[in-house]
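Me: I should like to take a close look at a single part of this structure, the metal site and its surroundings. Please explain it in one connected account.

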Amino acid sequence: MSKVVKNVEYGLEKIFDGAQDFLPLLGTDYVEFYVGNAKQAAHFYKTAFGFQSLAYAGLETGMKDRVSYVLKQGKIRLVLTTALTSESPIGEHVKKHGDGVKIVALWVEDARSAYEETIKRGAKSYQEPTVSSDEHGEVVTAGIYTYGETVHLFVERKNYSGEFLPGFVSWESDYNPSAVGLKFIDHMVGNVGWGEMNTWVKWYEDVMGFVNFLSFDDKQIHTEYSALMSKVMSNGNGRIKFPINEPAEGKKRSQIEEYLDFYEGPGVQHIAVATDDIIATVSQLKARGVEFLSAPPQAYYDEIPARLGVHMDMMKEDIKELQKLSIMIDADEEGYLLQIFTKPVEDRPTLFFEIIQRMGAKGFGAGNFKALFESIEREQAKRGTL
Ligand code: FE2
């Protein structure tokens, strides 16, 4: 069956024929962070972001070298993992990169086939197909490396009815802050090194069968001081979108360079999570202590009606209310979107979150890039890293 992937920016349509879709992906299965203290990180994601306790593995469950907490909100599953010994590669990862994303797990029908097809096309192996089982059935996982030390793990769970994965027990907690309306992962962005964007674009095309759905060059993404380039890769059914950024020359150090310096290599820059009601979600996140980038200037909000054009009529939200919460607005020919970005969620200026509400628009807020990057540069200036 052929699928059409539309390049919104340039109005191009790419035909994806069935034969090419050798890697059918059902969705994001989970995102695993390697962190310095999983117990405290789990508390933060519950308290501040409204994630719910789902599953746990550690010494009590027979796990000797690590502890993992699994949290859930909507369809999003986060796993927070910390090493229990000094020899652990998990500890080495945290030592080098700080807290960050290690595994972007992808839900598949057939993990063995996903592994074979991607290895055949040049992927570097992280883990050969492995079957794990418990009283709820069995799960097959297999993994490949993507940029830096980041991994895509294929998860086949069609014969499993347990809470998360074999080896995990249900995490019953007495502390259960309410959810804030986060639904699913809209996209996840990777930062790669100078001149490496096209290498990784080609890798996603060749190895994963993705297509380049949108492109932004440094003429579109720049401020007075810095610039970057970005290409959005999408799988055949459009459920998985991975924009890839590389730094571009500017007068000062760009946020991508700052990331690469502090993460000490390529890695996941931000996770965009979708909500149906960004005003309610962001109001709650702010009340719970999540820190966001500062608001664009008044002139940005004054220009919104002109920028939205015909979509102004369908806009239900009050611009004043959006401005009060520092939420940004952009539109393309299919509709509009609302978005806001957190400050980095760990001590190194690396990973952050985006909250996004799509009202028809399929883009990534290109109209907001300048205002967004100026806001990030204000933070960089405070850190002395601009
Ligand atoms: Fe984004």
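**The iron site and its sheet**

Reply: In this predicted model, the donors of the iron ion are spaced along the chain as H-x82-H-x83-E. Strand β12 (residues 184-191) holds His187 and strand β19 (residues 352-359) holds Glu354, so this pair ties together parts that lie 167 residues apart in sequence. The protein donors are His187 through NE2, His270 through NE2 and Glu354 through OE, at 2.0 to 2.2 Å from the iron ion. His187 and Glu354 are both buried.

The strands around these residues may now be placed in their sheet. Eight strands make up an open sheet with mixed pairing, and their order is β13-β14-β15-β12-β16-β19-β18-β17. Its edge strands, β13 (211-216) and β17 (328-332), each pair on one side only. From one strand to the next, the twist averages 25°. In general, the strands of a sheet pair through backbone hydrogen bonds, in either a parallel or an antiparallel manner. Here, β12 and strand β16 (residues 267-274) run antiparallel and are joined by seven bridges. Opposite Val268 in β16 stands Gly190.

To return to the metal itself, the order of the sheet places β16 between β12 and β19. Of these, β12 contains the donor His187 and β19 contains the donor Glu354. The iron ion thus has protein donors His187, His270 and Glu354, whose spacing along the chain is H-x82-H-x83-E.

Note on methods
Residues are numbered from 1 along each chain as its sequence is written. This is a predicted model: local features need pLDDT of at least 70, side-chain atom pairs count only at pLDDT 80 or more; totals for chains, interfaces and linings use all residues. Side-chain values use heavy atoms; hydrogens and water are left out. Donors are N, O and S atoms within 2.8 Å of the metal (3.2 Å for Na, K and Ca); water is not among the atoms, so sites may look incomplete. Helices (H or I, at least four residues) and strands (E, at least two) are DSSP runs, numbered from the N terminus. Buried means under 20% relative accessible area, exposed over 50%, partly exposed in between (1.4 Å probe, protein chains only). Two strands pair if DSSP finds at least two bridges between them. Axes are lines fitted to C-alpha atoms, for helices over the stretch in contact, and angles run from 0 to 180 degrees between N-to-C directions.
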